[in-house]
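Trainee: I would like to learn how to read a few features of a structure with you, one after another. Could we begin with the cysteines and then turn to helices and loops?

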Amino acid sequence: MNSLPSLAERLRCGTAGRDPSEQAAVELLTADKTDDVHPGWLDIDEFTDLCVLDDGHTSATIAWDRARAWFDSTNSDNWAFSIDFGFLDFAIALGENRFGLDDMDERRNLLVTALTRAIGHRVQGSITQSVD
């Protein structure tokens with residue numbers, strides 16, 4: 001029996017060939033499932049019903065403009081974990097290419113270093129290589 005691809009698989013298919021920042025955002029959201037008690041954003045019907053464009057069979061995409069509007073209009077006090085909102089904000093910013101990472105030059109390494117330091121880690125050695 002053939003089963004339909006999961007939403008995560010359909011989202012990955014839907015972003016194939018798109019810019020790397022959108023692919024990274026989808027990877028963040030599809031990986032965001034830590035346990036059965038703590039749902040990921042793709043498990044939140046309120047988010048997916050409004051923001052995910054899904055053919056239900058092979059491909060899905062996230063409407064980043066809708067995701068941003070939903071995020072900006074939603075009260076984070078309604079969510080059990082405020083860190084979830086920061087995670088979603090970051091994923092949406094990547095998905096909408098707010099940072100213009102695909103056009104950035106060697107300053108990408110500065111961003112990687114800053115993010116690494118912001119989460120309490122340190123950078124060792126070479127940071128980035130192009131995947132092209």
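Trainee: How many disulfides does the structure hold?

Mentor: In general, a disulfide is a covalent bond between the sulfur atoms of two cysteines. Bearing in mind that this is a predicted model, the structure here holds zero disulfides.

Trainee: Is C51 buried or exposed?

Mentor: C51 counts as buried, since its relative accessibility is 0%, whereas C13 is partly exposed, with a relative accessible area of 42%.

Trainee: At what angle do the axes of helix α1 and helix α2 cross?

Mentor: The axes of helix α1, which covers residues 7-15, and helix α2, which covers residues 20-31, cross at roughly 175° and come within 10 Å. An angle over 145 degrees counts as roughly antiparallel, and α1 and α2 are therefore roughly antiparallel to each other.

Trainee: Which residues make the contact between these two helices?

Mentor: On the side of α1 the contact is made by A8, L11, R12 and T15, and on the side of α2 by E22, Q23, V26, E27 and T30. By character, the residues of this contact of α1 with α2 divide into three nonpolar, three polar and three charged.

Trainee: Turning to the backbone, what is the phi of N97, and where is this residue found?

Mentor: Phi of N97 is near 55°, which is a positive value in a residue other than glycine. N97 is found in the loop between α5 (82-95) and α6 (107-118), and with a relative accessible area of 22% N97 is partly exposed.

Definitions and conventions. Residues are numbered from 1 along each chain as its sequence is written. This is a predicted model: local features need pLDDT of at least 70, side-chain atom pairs count only at pLDDT 80 or more; totals for chains, interfaces and linings use all residues. Side-chain values use heavy atoms; hydrogens and water are left out. Axes are lines fitted to C-alpha atoms, for helices over the stretch in contact, and angles run from 0 to 180 degrees between N-to-C directions. Helices (H or I, at least four residues) and strands (E, at least two) are DSSP runs, numbered from the N terminus. Angles under 35 degrees count as roughly parallel, over 145 as roughly antiparallel, 65 to 115 as roughly perpendicular and the rest as oblique. Contact means heavy atoms within 4.5 Å. Ala, Val, Leu, Ile, Met, Phe, Trp, Tyr, Cys and Pro count as nonpolar, Asp, Glu, Lys and Arg as charged, and the others, Gly among them, as polar. A disulfide is a pair of cysteine sulfur atoms within 2.5 Å. Buried means under 20% relative accessible area, exposed over 50%, partly exposed in between (1.4 Å probe, protein chains only).
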